[in-house]
Amino acid sequence: MFVGGEDPCYPVDGASITMVNGGGFTVVDGYTDEDGFFAALNLSNDVYDYELSYDDIIFDSGTFLVQTLGAGHLYSDVFEESIANDYGFYVCYSCDMPPGNSTTTDSAYVEIYHPDGSTIDSGYTDEELDSGITIFSWSFPEENAASYYDYKIYSDSDKTNTLTSGTINTDSEGDGGRDYVEYFESTSFYVEDMSVIAEFDPNTVGNVEVEVLAVLTAYNQEGGYVDSAYTTKTINAQDEDAFTLSIEFDDAGTYNFNLSLYDSSHDSKFEDSSLSTNIQVPDNEAPVIDIFQAPTLLDEGEDITFSITFSDEDGDNLDLELRVYRGSSLVAWDDSFSAGSGSYTYTWSANDNGDYTAVFTIEDDYQEDEVSHSFSVTNIAPTIDSITYTENPSETQTVQFQVTASDASPIDTLTYTWAFDSNNPEDVVQGQNAERTYMKDGVYDVSLTVCDDDEGCSNELFQVTIANTPPTIHDVSFSTWLDDNFSFTFVMNASDPADNFTDYWDFGDGNTGGMPNIENNLVVSHTYDEPGTYTVTVEINDGDGGTDNFTVTVTVEDPNQFEDILGCTDVSADNYNHEATVDDGSCIEWTPPDDDNSEDSGGILEAIPALNSLFAISLLGLISILGGRRQV
């Protein structure tokens with residue numbers, strides 16, 4: 001830049017020049033040399049406001065766009081449009097304002113580097129905005145963020161010609177980031193026990209996270225140092241923070257306090273302070289817990305009693321508080337008691353096993369005393385109160401089982417496992433109720449295990465007796481043989497739900513029978529020697545003591561004692577009676593019909609109009625044989 005006076009033109013030495021970039025930061029603050037020139041080097045592609053002055057008189061100002069390539073925020077007040085990305089990289093050959101008159105290229109190659117040297121993004125300037133400018137847009141990464149990033153722009157993707165390079169500041173504190181002003185949004189001081197507590201809310205003017213150091217220092221009335229405390233915190237402008245620092249004093253008195261704030265991100269630079277004077281720490285004797293008694297081991301469900309004695313030399317009224325923790329969880333507390341001195345007793349029921357801590361605190365208006373006591377509660381396994389099942393069960397019957405159980409802990413959940421076969425561990429049923437079908441009589445083992453949530457288990461082994469179910473004979477039927485009324489066939493209808501059975505027959509004539517080697521036999525035959533009436537009894541046995549029997553009566557008739565039946569016994573007669581045993585002389589000779597169509601015919605040959613003589617003789621012979629037999 002050249003600065004000259006009026007005609008005739010001469011250079012101006014020592015003219016002041018300032019330049020502010022589009023982000024509002026002063027990037028140039030210098031003077032022209034003896035030749036009237038000033039050179040601003042390594043400017044990134046941005047819009048700059050400048051002022052020229054001499055002896056504090058501004059004689060020139062304006063705005064210009066660096067006509068080179070680079071990176072910068074794309075603000076709407078610069079380019080008359082906004083984009084979502086944090087940075088836009090562009091190559092500008094004609095960058096006149098407004099941007100609509102600018103000419104950019106879409107062939108520049110951009111690479112972005114993390115401070116650790118790794119490449120985190122790259123691409124071409126080929127994104128066209130509404131104004132006609134083409135850019136490569138890029139946003140700050142959310143992970144592995146840094147306070148600055150380096151970039152290079154090449155004329156080609158082979159990276160053989162570097163057009164420009166630079167650094168992007170991420171507007172953050174620390175590691176080369178921007179330094180913003182930090183301050184106390186609010187502070188307050190108060191006394192608690194023998195301590196003075198400073199509560200404060202630090203803030204920053206930047207939209208960034210800042211690590212700050214806060215220091216609280218106490219002085220006596222003569223200005224001498226007494227004590228101090230400090231803390232480091234990370235803050236940002238969006239959060240309302242509430243931090244505290246405290247100093248505990250051994251002696252009562254009046255003290256002054258200074259709370260200071262430093263920027264840890266920039267070499268602990270001092271930022272702000274707050275002063276509070278003449279704070280009174282009272283003269284007080286702290287209360288004392290003299291005795292704390294309680295057992296260290298007890299069972300689940302058992303009561304524990306805490307006995308405590310305490311005192312206070314000042315006779316102050318004391319507030320008492322007892323808290324019982326299981327791990328970090330508060331499970332019981334009592335803060336309803338207050339006294340000047342004396343004793344305190346509290347009884348509590350331990351409903352669950354585990355490790356506990358009881359903390360007892362007494363306090364007056366300024367100070368307190370506290371003591372803790374650790375104790376353990378042992379788990380107690382559940383109790384099986386009763387087991388019931390179906391009375392007098394028998395084979396093939398489904399047996400229902402029920403159990404009632406209890407646990408010392410009211411919050412434990414119980415599980416129930418029934419085992420019915422010791423040889424098969426997987427043969428189990430889960431649940432308070434179970435059922436089992438036994439297909440065979442006998443004595444069976446049943447195991448029941450009841451467990452709580454804490455692996456405490458109780459087991460009971462008992463036996464179930466399954467009775468035998470005897471077989472049943474439903475009916476016995478019989479029939480005689482067609483040609484022998486002395487021979488009978490007996491058919492039994494019998495069943496057994498679980499077992500096979502064998503049969504034994506008593507035919508009533510001194511003879512017995514059955515099929516002892518054949519299971520479930522149902523049919524037998526027997527031939528009687530003499531006519532008469534006989535009682536037949538059958539008994540079946542299932543081998544397990546179950547039996548049943550059935551009785552029927554049969555009559556064997558003497559064929560020689562049949563009464564004579566009178567009738568025509570001549571088989572060739574027209575009125576032959578096949579049941580007749582004595583001919584009564586009533587036979588009528590059979591007469592052939594006059595012709596084949598005659599309907600006047602009779603006798604056994606009525607239905608045989610045309611038979612040869614050999615067949616007729618054979619049929620008559622068969623009828624004669626049948627006439628001599630009787631069916632029973």
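**Disulfides, an open sheet and a surface patch**

A disulfide is formed by Cys451 and Cys457, whose sulfur atoms lie 2.0 Å apart. The model in which this pair occurs is a predicted one, and a search of the whole structure finds two disulfides. The torsion about the S-S bond of Cys451 and Cys457 is about 110°, and the disulfide is therefore right-handed. The two partners of this bond fall into separate accessibility classes: Cys451, with a relative accessibility of 15%, counts as buried, because the cut-off for that class is under 20%, whereas Cys457 has a relative accessible area of 41% and is partly exposed.

The other pair consists of Cys568 and Cys587, which form a disulfide with their sulfur atoms 2.2 Å apart. Here the torsion about the S-S bond is about 115°, so that this disulfide, too, is right-handed. Cys568 is located in the loop between β43 (566–567) and β44 (582–583), and Cys587 in the loop between β44 and α2 (613–627), so the bond ties together parts that are 19 residues apart in sequence. With regard to accessibility, Cys568 counts as buried at a relative value of 2%, while Cys587 counts as partly exposed at 29%.

Strand pairing was examined in an open sheet made of three strands, which follow one another in the order β14-β15-β18 with antiparallel pairing. The edge positions are taken by β14 (182–192) and β18 (243–248), each of which pairs on one side only. On average, and with direction ignored, neighbouring strands of this sheet are turned by 20° against each other. Strands of a sheet pair through backbone hydrogen bonds, in either a parallel or an antiparallel sense. Between β14 and β15 (residues 195–204), the antiparallel pairing extends over ten bridges, and Tyr183 stands opposite Asn203 in β15.

On the surface, a nonpolar patch is formed by Val491, Leu522 and Val523, which together have about 190 Å² of accessible area. Of these residues, Leu522 lies in the loop between β39 (512–513) and β40 (523–527). The relative accessible area of Leu522 is 31%, and this residue is accordingly classed as partly exposed; the value also satisfies the requirement for patch membership, because patches are made of residues with over 30% relative accessible area.

Definitions and conventions:
Residues numbered from 1 in each chain as written. Predicted model: local features only at pLDDT ≥ 70, side-chain atom pairs only at ≥ 80, totals over all residues. Heavy atoms only, no water. Patch = residues over 30% accessible without salt bridge, like charges linked within 9 Å, V, L, I, M, F, W, Y side chains within 5 Å. Areas by Shrake-Rupley, 256 points an atom, 1.4 Å probe, with all protein chains shown as cover. Salt bridge = Lys/Arg side-chain N within 4 Å of Asp/Glu carboxyl O. Helix = DSSP H or I, 4+ residues; strand = E, 2+ residues; numbered from the N terminus. Buried < 20%, exposed > 50% of the residue type's maximum accessible area, 1.4 Å probe, protein only. Disulfide = S-S within 2.5 Å. Pairing = 2+ DSSP bridges. Axes fitted to C-alpha atoms, helices over the stretch in contact; angles between N-to-C directions.
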